[in-house]
Amino acid sequence: MAFTKLNNKMIEARVVPGQRLFSQRGAMLAYTGEVRFTPNITGGQGGVMSMIGRRVANEDTPLMTVEGQGTVMFGHGGHHVQVIDLAGDTLYVEADRLLAFEGSLQQSTMFMGSQGGVMGMVRGQVTGQGLFTTKLDGHGAVAVMAHGGVFELPITPQQPVHVDPQAYVAHRGQVQNKLSTALGWRDMIGRGSGEAFQLELSGHGTVYVQASEEKL
């Protein structure tokens, strides 16, 4: 595994020749060895469409490509860091909560409205979360950020999970998402929390939820 947790807010990554890591800009805390950091304007391995997705999601800073030989310590803003290992499956991560990931993973972007319909679009306008979620496929490790720690909730066909959109961090598995509101349009004005909106996740998988609604 490329990532080792040093504490709840810092990870260490091993960088070896011929392999790349990608990290959020500004996430490097310290490094040893001969390590290079290069802005990646194409958004990892997702190509131009991934870059466009990040721009539309108001992410004006590109990922950094990390190469060479040595070790790098990553962290950002004192946020809690959670490492998730993928073994051929898919992880969807709220774009602004992605700290770093191995270059062996294929990256693309998913428009949340593609599964949530019109209400998926409302999510970005009212709750302040991105319309685009980063999709990572393959074998490798991913480090995500959260406020107050992360806990995992299982999703089963018999038990869908409802999450406050601002508390959502990531999900994996065969999962469908749908954003709904428990209030009328007039009641929703000025309300962006789970009291007004609920992100329903159904199917079979896991959702990662942060312990605070505070935005990163």
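A residue is called buried when its relative accessible area is under 20%, exposed when that area is over 50%, and partly exposed in between, with a 1.4 Å probe and protein chains only. By that scale, 50% of the 216 residues of the protein chain count as buried. This is a predicted model, in which local features need a pLDDT of at least 70 and side-chain atom pairs count only at pLDDT 80 or more, while totals for chains, interfaces and linings use all residues. Residues are numbered from 1 along each chain as its sequence is written, and side-chain values use heavy atoms, with hydrogens and water left out.

**Overall picture and confidence**

The secondary structure of the protein chain comes to three helices and 13 strands; helices (H or I, at least four residues) and strands (E, at least two) are DSSP runs, numbered from the N terminus. Contact here means heavy atoms within 4.5 Å, and among the contacts in the protein chain with a separation of 6 or more, 81% come from residues 24 or more positions apart. The protein chain exposes about 9,900 Å², of which carbon and sulfur atoms supply 52%; such accessible areas come from the Shrake-Rupley method with a 1.4 Å probe, and for residues only the protein chains shown count as cover.

The predictor's confidence in each residue is given as pLDDT, from 0 to 100. The protein chain averages a pLDDT of 79, and 69% of the residues score at least 70. Among its elements, strand β2 has the highest mean pLDDT, 96, whereas helix α2 (residues 113–126) has the lowest, 44. Over residues 46–61 pLDDT stays under 50, and the model has 25 contacts beyond four places in sequence for them; over residues 113–131 pLDDT also stays under 50, with 53 such contacts in the model. Where pLDDT is low, the predicted coordinates should not be read in detail.

**Strand β2 and its neighbours**

Two strands are said to pair if DSSP finds at least two bridges between them. Strand β2 (residues 10–15) pairs in the antiparallel sense with strand β1 (residues 3–7) over four bridges, and β1 and β2 form a hairpin with two residues between them. Strand β2 is also joined by five bridges to strand β5 (residues 63–74), again running antiparallel. Some residues that stand opposite one another are listed here.

| Residue in β2 | Partner residue | Partner strand |
|---|---|---|
| M10 | N7 | β1 |
| E12 | T4 | β1 |
| R14 | T71 | β5 |

These three residues of β2, M10, E12 and R14, make up its uncovered face, while I11, A13 and V15 make up the covered one.

**The nonpolar cores**

A nonpolar core is a set of buried Ala, Val, Leu, Ile, Met, Phe, Trp, Tyr and Cys residues joined through side-chain atoms within 4.5 Å. The largest has 18 residues, of which F3, I11, L21, V66, F74 and L99 touch the most other members; β2, β5, β6, β7 (98–102) and β9 (132–146) each supply at least two residues of this core. Not counting residues up to four places away in sequence, I11 touches F3, T4, K5, L6, V72, M73, F74, V81, V83, L99 and A143. A second, separate core of 17 residues includes L91, L136, V142 and V150.

**The salt bridge**

A salt bridge is a side-chain nitrogen of Lys or Arg within 4 Å of a carboxyl oxygen of Asp or Glu, and the structure holds one. It joins R172 and D89, whose closest N and O atoms are 2.6 Å apart. The pair links distant parts of the chain, with R172 in strand β12 (residues 168–181) and D89 in strand β6 (residues 80–94), 83 residues apart. R172 is buried, at a relative accessible area of 15%, whereas D89, at 25% relative accessibility, counts as partly exposed. Side chains of opposite charge can pair when their charged atoms come close.

**Two further residues**

M145 lies in strand β9 and counts as buried because its relative accessible area is 1%; its C-alpha atom is separated by 9.3 Å from that of G78, 67 residues apart along the chain. Q158, by contrast, is found in the loop between β10 (150–155) and β11 (161–163), and counts as exposed because its relative accessibility is 69%. The C-alpha atoms of Q158 and S202 are separated by 8.7 Å, although the two are 44 residues apart along the chain.
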